[in-house]
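Please walk through this fold with me, from one local contact out to the sheets, the ring cluster and the pocket. Keep the structure in view as you read.

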Amino acid sequence: MTAVPLQPPRRLVDLTLDGEPVRAPEGSTLLDACRAAGKDVPTLCQGDTLTPKNACRVCVVEVAGARTLAPACSRRVEPGMEVRTDTERARHSRKVVLELLASSVDLSTTPRAAEWIEEYGAEPVRFGPDAARVDEEPKVDNDLYVRDYDKCVLCYKCVDACGEQWQNTFAIAVAGRGFDARISTEHDAPLTDSACVYCGNCIEVCPTGALSFRSEFDMRAAGTWDESAQTRTTTVCAYCGVGCNLTLHVQDNEIVKVTSPHDNPVTHGNLCIKGRFGYQHVQNRD
């Protein structure tokens, strides 16, 4: 057995967080430091398996001496930094971002969105009934997953997961400009005619439910989707010898979707089409 070499310990950086001295590993982000200190800083576009994109700007914090607010998901800790996470300026910025997002897209399936809107006093309705909205019908062009861009906040996580950061398939990209910007296949072709290999890794990183399993989409439409009644069991995929971990989401004794642990050293949350969607044979009891 080949021994795994130990990595040298990371230096600790001293900084001040909301008036309290804290230590964070060198190279970590302000968001990492905030979470380690128990600070609840909201974020949508940050993903623990992806390089920060700084797209949503909900996680901004105030750094002493800085002209602008800093995105906590990507700003690295520095010795002597003085960071405040709950200033009036930061709260106002988060409020406006949440208002703009909620007035233009559907955040009903975005975890904690309603909680943050209430916490920061955001009022999306203040833009009135004529506020521009995406209002796009869900794209149901295959049996595996659904693209509901009415819920998309353009966080780019699906593009990164499909592209150079993980899958290297490059089936999707950002098309259009301004309010017409959207996630699209090449020439807006149906997914079945695109380069998509149906790994579902875009679904894994989507923070709003814009991408979802077809099973979840159908159950939500029928009013039967209930995460509180679901159990999660992590096992090993049996399709090949790679050793990918699967987390089976089971409701009423049926597998309703499959995810993968992000801390798994083999896959880091990524799967292939068999691991992600090839569970129907388990349901066959004939």
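**A charge over a ring**

Start with R126, whose charged end sits over the ring of F127, at 4.8 Å from the ring's centre. The model is a predicted one. Keep that in mind throughout.

Now turn to the sheets. One is an open sheet of five strands. Its order is 2-1-5-3-4, and its pairing is mixed. Strand 2 (20-25) and strand 4 (70-71) form the edges, each pairing on one side only.

Begin with strand 1, residues 12-17. Six bridges join strand 1 to strand 2, and the two run antiparallel. Within that pairing, V13 faces A24 of strand 2. Two residues separate these strands in their hairpin, where D18 takes a positive phi near 55°. Most residues other than glycine have a negative phi.

Strand 1 also pairs with strand 5, here in the parallel sense and over two bridges. T16 stands opposite E82 of strand 5. Strand 5 (residues 82-84) is in turn paired with strand 3, antiparallel, over two bridges. There V63 has V83 as its bridge partner. The mixed character of the sheet can be read from these pairings: strand 1 with strand 5 is parallel, while strand 1 with strand 2 is antiparallel.

Look next at the two faces of strand 1. In a regular strand the side chains alternate between the two faces of the sheet. In strand 1, V13, L15 and L17 make up the covered face. L12, D14 and T16 make up the uncovered one.

A second sheet lies further along the chain. Three strands form this open sheet, in the order 10-11-12, with antiparallel pairing. Strand 10 (231-236) and strand 12 (254-259) are its edge strands, each paired on one side only. From one strand to the next, the twist averages 30°. Strand 11, residues 245-251, pairs with strand 12 over five bridges. L248 stands opposite V258 of strand 12.

**Rings that meet across the chain**

Aromatic contacts come next. A pair of aromatic rings is described by the distance of the centres and the angle of the planes. The model has three aromatic pairs. One of them is Y145 with F277, a stacked pair with 6.4 Å between centres and 10° between planes. These two rings link distant parts of the chain: Y145 belongs to strand 6 (residues 145-147) and F277 to helix 7 (residues 273-277), 132 residues apart. Why does Y145 count as buried? Its relative accessible area is 4%, so Y145 falls under the 20% cut-off. F277 also counts as buried because its relative accessibility is 4%.

F277 has another partner. F213 and F277 form a tilted pair, 5.0 Å centre to centre, with 50° between the planes. This pair also joins distant parts of the chain, F213 lying in strand 9 (residues 211-213) and F277 in helix 7, 64 residues apart. Both F213 and F277 are buried. Ring pairs link Y145, Y198, F213 and F277 into a cluster.

**The largest pocket**

Which elements line the largest pocket with two or more residues? The pocket holds about 1100 Å³ of space. Its lining has 43 residues, and P111, E204, V205, C206 and P207 lie nearest its centre. The elements that give two or more residues are helix 5 (201-205), strand 9, helix 6 (214-222) and strand 12. Helix 6 supplies the largest share, four residues. Two of these elements have come up before. Strand 9 holds F213 of the tilted pair, and strand 12 is an edge of the three-stranded sheet.

**Two loops with positive phi**

Finish in the loops. R57 has phi near 60°, a positive value in a residue other than glycine. R57 sits in the loop between helix 1 (30-36) and strand 3 (60-63). Because its relative accessibility is 36%, R57 counts as partly exposed.

H187 likewise has a positive phi near 60° and is not a glycine. The loop that holds H187 runs between strand 8 (182-185) and helix 5. Is H187 buried or exposed? With 75% relative accessibility, H187 counts as exposed. Helix 5, at the end of that loop, takes us back to the lining of the largest pocket.

Conventions:
Residues numbered from 1 in each chain as written. Predicted model: local features only at pLDDT ≥ 70, side-chain atom pairs only at ≥ 80, totals over all residues. Heavy atoms only, no water. Pairing = 2+ DSSP bridges. Axes fitted to C-alpha atoms, helices over the stretch in contact; angles between N-to-C directions. Phe/Tyr/Trp six-rings, centres within 6.5 Å; stacked < 30°, edge-to-face > 60°. Buried < 20%, exposed > 50% of the residue type's maximum accessible area, 1.4 Å probe, protein only. Lys NZ or Arg CZ within 6 Å of the ring centre and 35° of its normal. 1 Å grid on protein atoms, 1.4 Å probe; cavity = no way out; pocket = protein on both sides within 12 Å on 5 of 7 lines; lining within 4 Å. Points joined across faces, edges and corners; volume = space filled by probe spheres on them.
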